[in-house]
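Colleague: I'd like to learn how to read the strands and sheets of a model like this one. Can we go through it together?

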Amino acid sequence: MTPEQLSTLIVDALTTLSDEGAITLPDGVPTTVTVERPRQKGHGDYATNVALQLGKAAAMNPRAFAELVKGRLEAADEVAAVDIAGPGFLNITVAAGAQGIVAAEIVAAGSSYGASDGFAGEKINLEFVSANPTGPLHLGGVRWAAVGDALGRIFTMTGAEVSREYYFNDHGVQLDRFSSSLLAAAKGQPVPEDGYGGQYIQEIAHAVVTARPDVMMLNDDDAQEVFRAVGVDMMFTEIKQSLHDFGVHFDVYFHEDELHKSGAVDRAIARLTELGNTYEKDGALWLATEKYGDDKDRVIIRSDGHGSYLSGDLAYYLDKRERGFDRCFIMLGADHHGYVGRMMAMCAAFGDEPGKNLEILIGQMVNLLRDGEPLRMSKRAGTVVTIDDLVGAIGVDASRYALARYSSDSTIDIDLDLWAKASSDNPVYYVQYAHARVSSILRNGADLGLEPATADDFDPTLLAHEKEGELLRALAEFPRVVASSAQLREPHRVARYLEDTAAIYHRFYDTCRVLPMGDEEPNDQHRARLLLVAATRTVLGNGLALLGVSAPERM
C-alpha cells in the first residue's frame with residue numbers, strides 16, 4: 001500500500017463518518033491527508049496527524065476524533081492495526097498483503113512508476129545554462145545543465161509539457177570583446193583590455209583564419225566582424241557539442257539578436273505602455289517597477305535611444321508568454337541574485353503573477369577539489385574550470401549525479417578523488433552498484449529457471465519479513481519523492497532518496513535469501529522475493545533516469 005492509497009483510505013473513512021453524522025467538518029472532508037513514515041521504529045508503517053488537524057474544526061478533542069477514525073480504519077482489510085499516540089497521532093500498520101502488492105504494482109507500471117499529474121496540462125518553459133558564447137562552458141553553467149535537465153525530466157514525469165530553452169546571447173558588448181580578442185590573437189597582439197585570454201582563443205582564431213584566409217587582408221573593422229560571425233558560431237558549436245556529450249539537449253536555441261531585429265522590444269514596450277506602466281523622464285523611457293516591489297524604477301530606452309539590457313528581457317518574457325507557456329523558469333548563477341527583484345516586478349507589470357508565471361532559480365558556486373586542494377583554472381580556458389575538465393576527471397554519470405545531488409542554493413565542493421572511486425564511498429557508484437546487483441540477481445534467477453512472481457500468481461503475504469516491509473515502504477515512497485521534487489524544484493531529493501533506498505535494499509538482501517541454495521527446490525517465497533528485487537530495479541532505474549544517469553546492469 002502506497003502513502004497515496006492510505007491517504008485515500010483515510011479520506012474514505014472521514015467521508016463515511018461525516019455522512020453518518022459522527023463528525024461535522026464545516027469546510028468539508030479534505031481530498032487528501034498527510035501520511036508519513038514514522039521516524040521511530042515500532043510506531044507502525046505510517047503515521048498521520050489528521051485528527052490534530054481536523055479535531056478543532058469538528059469541535060472535538062483530537063484523541064476522540066482519532067478514536068473514530070481508528071475504528072473505521074481497523075475495519076479495512078488493508079490495515080492490520082491502528083494505535084493512537086500522544087495528543088492524537090494515528091500510527092498505522094498495514095496488512096502484509098496490502099503492503100506486498102506494491103511490488104507487483106511497481107513492476108506492472110515499469111518506466112511510468114513514479115509518474116503523477118501534479119503539473120498536468122501545464123506548459124513549462126525551462127531556460128537554463130544560457131552561457132555567453134565567449135568561452136567554453138564553465139562549472140556554474142555545468143551545474144545548471146545537470147540540475148536543469150533533471151528538473152525538466154521531473155516536470156515531465158509529473159505531467160507537464162516541457163520545453164528546454166537556451167538563450168543565445170549574441171547581442172551586446174561581450175561579443176565585441178570576444179571578436180576583438182580573436183583578431184588580436186590572429187595578429188599576434190596582446191589580449192585587449194577587458195578581452196578574453198586562454199588557449200581556446202588562440203585555437204578559435206586559428207580556425208577562423210583557416211576557414212576564411214582572406215580575413216587578414218581586411219581592415220580591422222571588417223576583420224572583426226568576420227571573427228565575430230565565424231568565431232561565435234564555432235564557440236557555440238563547441239558548447240552545444242559539450243552539452244550533447246553531457247546528455248543535455250535543448251528544444252529551442254533562442255537568439256537574443258532576433259528580439260532587437262524583429263520588433264519584439266517595441267511590442268513589449270507598447271504592451272507595458274497600454275497597461276500604464278511606462279513613463280518618460282530625462283529623455284529616457286522608464287518602466288515603473290518600484291510599485292511592483294523593485295527597489296527602483298528601471299530604464300528601458302536610454303536617452304541616446306539605445307535599449308537597456310532590460311529591454312531585451314521584457315521582449316523575451318513576453319515572447320515566451322505569447323508562445324503559450326504557463327510557467328517560465330530561468331536558472332541563473334549567484335552573481336545574478338540582484339536581478340530577481342526587477343524581473344519579478346517586470347512580470348507583475350505585464351499583469352502576470354510573479355512566482356507562478358515566472359520563477360527564477362539561483363544556483364550557487366561549484367568548487368572542484370583534487371588532493372584536498374581547489375582547482376583554480378582550466379589549462380585550456382585559462383581563467384575558469386570547464387565542463388570538459390570535470391567530465392574528463394570523473395565521467396558524465398558521476399558529474400551529473402554530483403551536481404544534482406545537492407540543493408542548488410548551497411555551494412558545493414566536488415572531491416574528484418572521491419567521485420572517481422569505484423567504492424561505496426562514491427554516492428553514484430553506490431546507487432549504480434545496487435542497480436547492477438539487482439540485475440545480476442534477476443539474471444541468476446533466470447539461469448536457475450526461476451522468474452519473479454506475476455500479479456496473477458503472486459501471494460503478497462509472503463513478503464512479511466521486517467526487512468521486506470522496510471524495502472516495500474521505501475519503494476512506495478518514490479512517487480511522492482518525485483512529486484515533491486517537482487513542487488519544490490529540488491532534484492537533489494531524488495538522488496538522496498536513491499541512496500537511502502539502495503541502503504535499505506542491501507539490508508534486505510543481507511537478511512532475506514532471494515535465490516535457493518544448493519539442492520533447495522525453488523518455491524513461491526523465492527519468486528515473491530524476486531518480484532521485490534525486480535520492483536527495486538524499476539525504482540532505481542527510474543530514479544537514475546530522472547537525473548540523466550545511466551543504470552548499468554553489470555559493474
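Colleague: How many bridges join strand E12 to E14, and which way do the two run?

Modeller: This is a predicted model, so keep that in mind throughout. As for the pair, look at the bridges between the strands: E12, residues 366-370, is joined to E14 by 4 bridges, and the two run parallel. To see one such link, start at leucine 368, whose bridge partner in E14 is isoleucine 414.

Colleague: What is the order of the strands in that sheet?

Modeller: Read the order as a list of neighbours. Here the sheet is open, has 3 strands and goes E13-E12-E14, with mixed pairing. Strand E13 (373-374) and strand E14 (412-415) each have a single partner strand, so they are the edges, and one side of each has no neighbour in the sheet.

Colleague: And which strands make up the sheet with 5 strands?

Modeller: That one is open too, in the order E6-E5-E4-E10-E11, and its pairing is parallel. Use the reasoning from before: strand E6 (252-255) and strand E11 (358-363) have one partner strand each, so each of them leaves a side without a neighbour in the sheet. For the twist, ignore direction and average over neighbouring strands: they are turned by 25° against each other.

Colleague: Where could I look to see E6 pairing with its neighbour?

Modeller: Go to strand E5, residues 161-168, which pairs with E6 in the parallel sense over 4 bridges. Tyrosine 166 is a handy marker, as it stands opposite tyrosine 253 in E6.

Colleague: What lies across strand E10 and E11?

Modeller: Helix H12, residues 339-349, does. For a helix on strands, check which strands it covers and then the angle: H12 lies across E10 (327-333) and E11, and runs at about 170° to E11.

Colleague: Zooming out, what should I read for the whole chain?

Modeller: Begin with the inventory: 20 helices and 14 strands. The C-alpha trace spans about 85 × 65 × 40 Å along its principal axes. Of the 555 residues, 50% are buried. Then look at sequence separation: among contacts between residues at least 6 apart in sequence, 71% join residues at least 24 apart.

Colleague: What about the surface and the charges?

Modeller: The chain exposes about 24,500 Å², and carbon and sulfur atoms supply 48% of that. For charges, compare mean positions: those of the 51 positive and 81 negative charges are 2 Å apart.

Terms used. Residues numbered from 1 in each chain as written. Predicted model: local features only at pLDDT ≥ 70, side-chain atom pairs only at ≥ 80, totals over all residues. Heavy atoms only, no water. Buried < 20%, exposed > 50% of the residue type's maximum accessible area, 1.4 Å probe, protein only. Contact = heavy atoms within 4.5 Å. Areas by Shrake-Rupley, 256 points an atom, 1.4 Å probe, with all protein chains shown as cover. Lys, Arg positive; Asp, Glu negative; His and termini not counted. Charge placed at Lys NZ, Arg CZ, Asp CG, Glu CD. Pairing = 2+ DSSP bridges. Axes fitted to C-alpha atoms, helices over the stretch in contact; angles between N-to-C directions.
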